[in-house]
Amino acid sequence: MSEYHHVKFEREQENIPHRGIDRRDFLKLSGFTFAGAFLAGCQAPSVDKAIPFLVKPEEVTPGLSSFYATTCGGCNASCGIITKNRDGRPIKIEGNPSHPISQGGLCAVGQAHILGLYDSQRLKNPVLFGKETSWEHVDTTLKTKLEEIKKGSGAVRFLSSTISSSAQRNVIAKFLSGFSDAKHIEYDALSVSAILDAHERTHGNRILPHYHFDQAEVIVALDADFLGTWISPVEFTKDYRKGKILNGNSSKFSFHVQVEANVSLTGSNADMRISLSPNAYKNFFHALASSIEGGNSSLPNVNELAAKLRSAKSKSLVVCGVNDIDLQVLTNSINHLLGNYGSTIDIEKPSKQYRGNDSELEHLFSEINDGKVSALFVYNCNPVYDIPNGNFLGKQMEKIPLSVSFSERNDETSGVTQCICPEHHSLESWNESEICAGVFSLSQPVLQPLGNTRSLTESLNSWMNVRQTAYETIRSEWQHSVFKRQNKENDFQKFWDTSVHDGFAEVEAGENIVQEFSKQSLQNISPSNIATDLALVLYPKISIRDGKHAHNPWLQELPDPITKIVWDNYVSISKKTAERFGIGENDVVEITAHISSVKRMVKLPAHIQQGMCDNVVAVALGYGRKGTERFTNIGPEWFEAEPTVKQGEFVGKNVAEFLQWANGNISYIVMQCSVAKTNEQYRLAATQEYHSLQMPKHLVSSDAERRPIIQETTFASYIKNNSAGSFPKHAYASMWGEEHPYNNHHWGMAIDLTKCTGCSACVIGCQSENNIPCVGKDEIARNREMTWIRIDRYFHEEENKFSVAFQPMMCHHCNNAPCETVCPVLATVHNEEGLNQQIYNRCVGTRYCSNNCPYKVRRFNWFDYEHGDEMHKLVLNPDVVVRERGVMEKCSFCIQRIQEAKIVAKRNGVVLHDGEIQPACQQSCPANAIVFGDMNDTHSELSQRMNDPRFYKALEEIGTRPAVGYMTLVRNSDEVRNV
Amino acid sequence: MFLKSPITTVFLVIGLLLSILIFYNSYSVNYRIPGNNEGYEPVQPIAYSHRLHAGELGIPCLSCHFGAEKSRNAGIPPANVCMNCHKFVTAPFANVRAEDELAEKEKRKPQRMISPELKKIYASLALNDELLPHPSLKPTPIAWNKVYNVPDFVYFDHRPHVNAGVQCQTCHGAVETMERVRQVGNLSMGWCVNCHRDVNKNGVNNKKVYASTDCTTCHY
């Protein structure tokens with residue numbers, strides 16, 4: 001036998017043709033080549049330089065952050081903020097916990113506006129006749145021109161958004177007093193001028209009241225997005241949450257009704273939402289007013305509402321966000337009937353956040369048209385972009401002999417002015433404002449100005465030949481007026497230092513004369529609107545607002561809380577209305593309307609929105625901004641990539657041309673428009689395209705359990721049984737033997753779904769803290785968004801009842817993490833304090849962990865995501881790694897903050913106490929929905945939340961044993977409507 | 001084991017000899033296995049001697065490298081720390097004394113003696129020979145060559161080590177004997193983790209400590 005084998009083997013060896021190298025030799029050679037290549041990698045060590053200060057400032061230690069209090073410049077609300085500075089510049093913004101108005105909260109725009117500081121589109125030098133020049137040249141040219149104008153008879157107009165700083169107003173007034181016909185006009189792009197005008201009619205004084213949502217037990221809001229974008233959303237969110245406390249037997253829960261056409265963030269959080277077309281608003285309020293007085297209305301819901309309001313006299317609040325003076329006068333009368341003035345509505349200590357006067361703006365518009373204006377100064381506003389007929393204004397402005405803009409960039413308005421004197425960014429300036437009567441907010445610069453910019457005060461002073469810096473102006477104003485309004489501190493220097501340190505000062509409110517409600521004001525109300533076919537509502541998005549932040553990629557990529565669409569504006573339309581016109585999702589439609597007898601048209605993609613009122617379409621303002629063509633290149637470059645925006649085009653379309661003047665106010669509602677389907681399609685990118693947690697009926701049997709993700713109940717059920725709405729608890733056996741030992745800390749998180757409004761401030765806070773890149777629209781459409789925390793939102797629509805639930809989702813740091821067991825290189829393992837740690841340098845990019853994650857919270861770096869703008873790199877947090885292509889990342893519970901707090905506590909020899917470690921999401925949440933803490937500490941707020949009967953964990957039955965839990969969503973409605 | 005083809009054998013033998021040569025040289029100044037910089041002793045822009053200041057004069061480490069206690073980076077002292085003494089000390093005492101005696105003998109004012117290395121500090125601060133601000137020079141920070149350098153994905157923090165009582169010399173070697181600072185120890189992850197495991201058992205200076213061996217202690 002062996003002979004036979006031997007012969008066969010030999011023959012085989014002969015017959016196989018010898019092709020050069022054989023297998024074994026090849027392996028030996030490649031092994032050695034590999035070793036050789038490795039050795040070739042040997043090199044001289046890379047030379048890194050360590051460059052210390054020459055003269056170190058006393059308060060700066062390299063590696064430690066310094067914190068400064070200042071004021072947010074994101075919108076008019078002027079919330080107090082604290083900036084975290086590293087290496088002499090701010091890298092993160094947080095809310096100021098001691099601030100009386102914002103109380104430590106900060107919205108998405110506030111978190112993101114730091115990126116607007118590091119923007120290469122910001123002008124670095126003043127511009128005169130299109131060319132960059134020096135301040136001396138600008139000053140001499142302008143002073144000569146101003147002298148000429150003084151001799152002439154032309155009007156000088158100063159147009160700005162609301163300025164609530166008396167120091168700045170005084171300088172402007174002084175500047176304008178040098179001319180015979182000069183006026184300062186204020187307007188706001190998102191105008192609430194009608195509220196002020198209405199109070200002038202009803203109470204004799206043009207003021208914006210200070211609303212106190214925490215005092216209200218019943219809230220009725222007509223198209224007012226007070227939790228999202230209206231007036232002072234952070235303050236209102238904080239106060240609103242104070243009215244809803246679930247504490248077992250000592251609970252109180254306000255009742256909030258939202259009446260609106262479009263689905264807004266506030267409407268999603270309302271206990272009851274009435275979908276109403278804008279042309280029915282007046283009838284509704286008329287009916288409500290008469291029903292409160294005792295009448296009986298035939299309109300649905302009015303009588304119940306009136307009864308509820310009557311039972312909460314002087315503890316209710318009716319607000320209206322429509323910029324129409326008749327509706328506002330009606331609102332005032334309803335509030336007066338309910339006795340709300342003096343309790344929930346404060347007009348004696350009014351808010352000073354919005355002062356715009358639309359009728360003065362309209363008058364200015366006609367003055368410019370008639371050529372009466374010789375000099376126009378534009379500050380902190382963009383009229384060519386955002387007022388009715390702005391384009392026409394732009395053309396007329398070219399005829400004005402002297403036009404000066406103080407804008408920080410070359411935008412629609414500053415592009416047509418002769419001279420641009422760029423102002424500092426709000427983080428670079430000394431400024432102050434009186435937010436509400438008696439509450440002053442101070443801004444201090446937190447870094448040296450990045451460009452050769454100059455503050456408005458200094459520019460005006462220079463043209464008046466006054467040598468005074470902005471700092472000196474504000475300080476002297478405070479010494480003469482603000483300091484005198486308090487008597488707690490006698491030394492001005494001490495008062496000033498404390499105020500600058502705190503970022504605010506609280507003094508006496510000052511005189512404010514208001515009259516009793518005047519019934520005569522009701523006589524001037526025009527009759528109710530006639531029913532129309534299709535109305536158009538223009539609204540601001542929570543991320544872009546009036547368009548001021550359209551150049552900010554974080555905000556452009558922030559998914560809209562309701563539609564979860566990024567990077568575009570679109571037409572929201574209800575299902576029934578879409579069927580009427582034969583419109584489907586992503587179809588491009590053309591909206592046509594006659595605005596002041598001019599036909600306006602715009603083409604936008606359509607989005608079918610659940611809960612939207614029938615026969616109403618809604619489009620967001622703030623898009624189509626000049627400067628957004630820079631986003632052509634955002635996102636990775638690869639052969640299948642589609643640009644976020646086509647070359648030379650803007651992101652979205654500007655719909656400000658649909659605005660019009662109505663009774664002296666800017667109207668954001670077009671009562672009659674038409675919609676036509678075009679043949680085009682436009683793919684809208686959204687981060688969430690499924691809407692409900694209900695299992696599709698054709699897939700499951702009728703008694704299938706809902707996926708245990710969101711627990712909901714009503715307030716009435718909660719009072720009877722504190723664990724109402726809980727999923728049935730399963731006892732499951734665990735394959736794992738002992739638990740991980742947690743001898744020291746055991747970190748966890750509890751998110752209260754009743755508190756979460758869906759405002760997405762946490763998303764931007766996390767992005768800012770953890771160096772999360774923007775990926776562009778195409779990547780979002782491929783479900784490759786990079787934000788570590790996402791807010792899932794679910795709808796439930798049934799006939800007329802509509803409810804929405806929001807659920808923030810981040811890595812749950814599971815005790816039995818499915819991702820940890822499948823990593824082939826152990827790049828994700830459990831640490832001894834309960835965190836699921838992701839080690840970036842070990843990860844090879846298998847993506848098995850993401851596959852296994854049931855919560856789908858892992859994010860993979862498919863590409864090296866570049867920053868569109870080199871300057872954006874200045875905002876990166878040095879405590880967090882910037883991840884490379886091929887590496888998996890996810891929420892780390894802000895481990896850098898945990899480590900820092902632990903090390904500092906150890907160094908100081910103290911025990912870490914609860915609340916000292918706040919991850920970025922918890923810190924920015926205005927509603928205190930997120931709480932992070934130590935489970936091993938029985939006194940921590942986290943432990944208290946975990947012991948609450950409302951506490952549960954998402955998808956608990958899978959057995960992942962997550963460290964993040966939620967609390968049942970409680971609504972003050974009649975019945976539970978499970979999303 | 002010889003290979004079938006003679007040419008491959010020749011290549012492999014040459015490769016083997018080369019690698020032996022390179023490994024033999026691994027402690028030399030220039031060539032190392034990637035990431036291992038043990039023995040690295042770069043020339044610094046100013047020939048600062050730790051042997052003189054920390055050894056002979058006995059200045060404690062934390063006097064100048066104060067960051068080690070307060071922040072993650074120990075930091076190299078800024079020039080104003082040096083000037084605390086060197087505003088007055090411009091040359092070794094012996095040289096100054098010798099010049100003084102010579103001047104007295106020659107009946108003239110003694111010239112200010114400035115040693116060449118100190119001249120470099122004064123130049124970086126744009127000070128002239130009289131130690132007053134030079135009208136035309138611009139101050140330039142001193143660019144030291146980092147000796148103890150860990151990769152960017154390692155977040156090493158000095159504070160827990162200093163607070164636990166770990167001596168600087170444990171990781172940085174006997175710096176007070178070094179004329180030019182040299183990397184002692186290979187600064188690899190294994191080197192760090194071994195010490196962590198050790199002190200968990202044996203403590204630091206007979207004090208019980210807990211040094212975590214979690215990944216997120218350094219990698220996050």
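# Exercises on a predicted two-chain model

Asp869(A) is buried, with a relative accessible area of 6%. The model is predicted, and the exercises below work through its charged pairs, one sheet, its nonpolar cores, some single residues and the contact between chains.

## Exercise 1. A buried aspartate and its partner

Find the residue with which Asp869(A) forms a salt bridge, and state which parts of the chain the pair ties together.

Solution. Start from the distance: the closest N and O atoms of Arg630(A) and Asp869(A) are 2.8 Å apart, and the two form a salt bridge. Next, place both residues. Arg630(A) lies in the loop between β28 (616–620) and β29 (660–662) of chain A, and Asp869(A) in the loop between β40 (859–860) and β41 (888–889) of chain A, so the pair ties together parts that are 239 residues apart in sequence. Finally, widen the view: Arg630(A) and Asp869(A) belong to a network of salt bridges that includes Asp119(A), Arg122(A), Glu408(A), Arg409(A) and Glu428(A).

## Exercise 2. Two further charged pairs

Describe the salt bridges Lys282(A)–Asp326(A) and Lys677(A)–Asp587(A), giving location and burial for each residue.

Solution. Over all chains the count is 50 salt bridges. In one of them, the side chains of Lys282(A) and Asp326(A) meet at 3.2 Å, N to O. Lys282(A) belongs to helix α9 and Asp326(A) to helix α11, both of chain A, so this salt bridge ties together parts 44 residues apart in sequence. Both residues are buried.

For the second pair, the closest N and O atoms of Lys677(A) and Asp587(A) are 3.5 Å apart. Lys677(A) sits in strand β32 (residues 673–681) and Asp587(A) in strand β26 (residues 587–595), both of chain A and 90 residues apart. To classify them, use the cut-offs: under 20% relative accessible area is buried, over 50% is exposed, and values in between are partly exposed. At 45%, Lys677(A) is therefore partly exposed. At 7%, Asp587(A) is buried.

## Exercise 3. A parallel sheet

Give the strand order of the open four-stranded sheet of chain A, identify its edges, and work out how β13(A) is enclosed.

Solution. The order is β14-β13-β10-β15 (chain A), with parallel pairing. The edge strands are β14 (272–275) and β15 (316–320) of chain A; each has a single partner strand, so one side of each has no neighbour in the sheet. Neighbouring strands are turned by 10° against each other on average, direction ignored.

Strand β13 (residues 255–260) of chain A is joined to β14(A) by four bridges, with Gln258(A) opposite Arg273(A). Helix α11 (residues 325–337) of chain A packs on the sheet, touching β10 (218–222) and β15 of chain A, and its direction makes about 175° with that of β15(A). The pairing of β10(A) with β13(A) has five bridges, and Phe255(A) is the bridge partner of Val218(A).

Now check the faces of β13(A). On one side Phe255(A), Val257(A) and Val259(A) are buried, and on the other His256(A), Gln258(A) and Glu260(A). Six of the six residues are buried, so β13(A) is largely enclosed by the rest of the structure.

## Exercise 4. Nonpolar cores

State which residues touch the most other members of the largest nonpolar core, and which helix gives its largest share.

Solution. This core has 153 residues, and Phe285(A), Leu288(A) and Phe893(A) touch the most other members. Helix α9 (residues 281–292) of chain A supplies the largest share, seven residues. Another core, of 44 residues, lies apart from it and includes Leu393(A), Ile573(A), Ile591(A) and Val619(A).

Beyond its neighbours within four places in sequence, Leu288(A) is in contact with Val302(A), Leu305(A), Ala306(A), Leu309(A) and Ile334(A).

## Exercise 5. A backbone angle

Which sign does the phi of Asn771(A) have, and where is this residue found?

Solution. Asn771(A) has a positive phi of about 55° although it is not a glycine. For context, most residues other than glycine have a negative phi. Asn771(A) is found in the loop between α21 (761–769) and α22 (777–781) of chain A, and at 7% relative accessibility it is buried.

## Exercise 6. The contact between chains

Describe the contact of chain B with chain A by residues, area and charged pairs.

Solution. Chain B contributes 55 residues and chain A 48 residues. The buried area is about 4,500 Å², of which carbon and sulfur atoms give 63%. Within chain B, Arg159(B), Thr216(B) and Tyr220(B) lose the most area to chain A, together 13% of what that side buries. Two salt bridges are counted between the chains. Arg159(B) also forms a salt bridge with Glu900(A), the closest N and O atoms being 3.0 Å apart.

Notes
Residues are numbered from 1 along each chain as its sequence is written. Chains are lettered from A and ligands numbered from 1 in the order in which they are written. This is a predicted model: local features need pLDDT of at least 70, side-chain atom pairs count only at pLDDT 80 or more; totals for chains, interfaces and linings use all residues. Side-chain values use heavy atoms; hydrogens and water are left out. A nonpolar core is a set of buried Ala, Val, Leu, Ile, Met, Phe, Trp, Tyr and Cys residues joined through side-chain atoms within 4.5 Å. Buried means under 20% relative accessible area, exposed over 50%, partly exposed in between (1.4 Å probe, protein chains only). Helices (H or I, at least four residues) and strands (E, at least two) are DSSP runs, numbered from the N terminus. Contact means heavy atoms within 4.5 Å. Two strands pair if DSSP finds at least two bridges between them. Axes are lines fitted to C-alpha atoms, for helices over the stretch in contact, and angles run from 0 to 180 degrees between N-to-C directions. Buried area is the accessible area (1.4 Å probe) that two parts lose on being put together, summed over both. A salt bridge is a side-chain nitrogen of Lys or Arg within 4 Å of a carboxyl oxygen of Asp or Glu.
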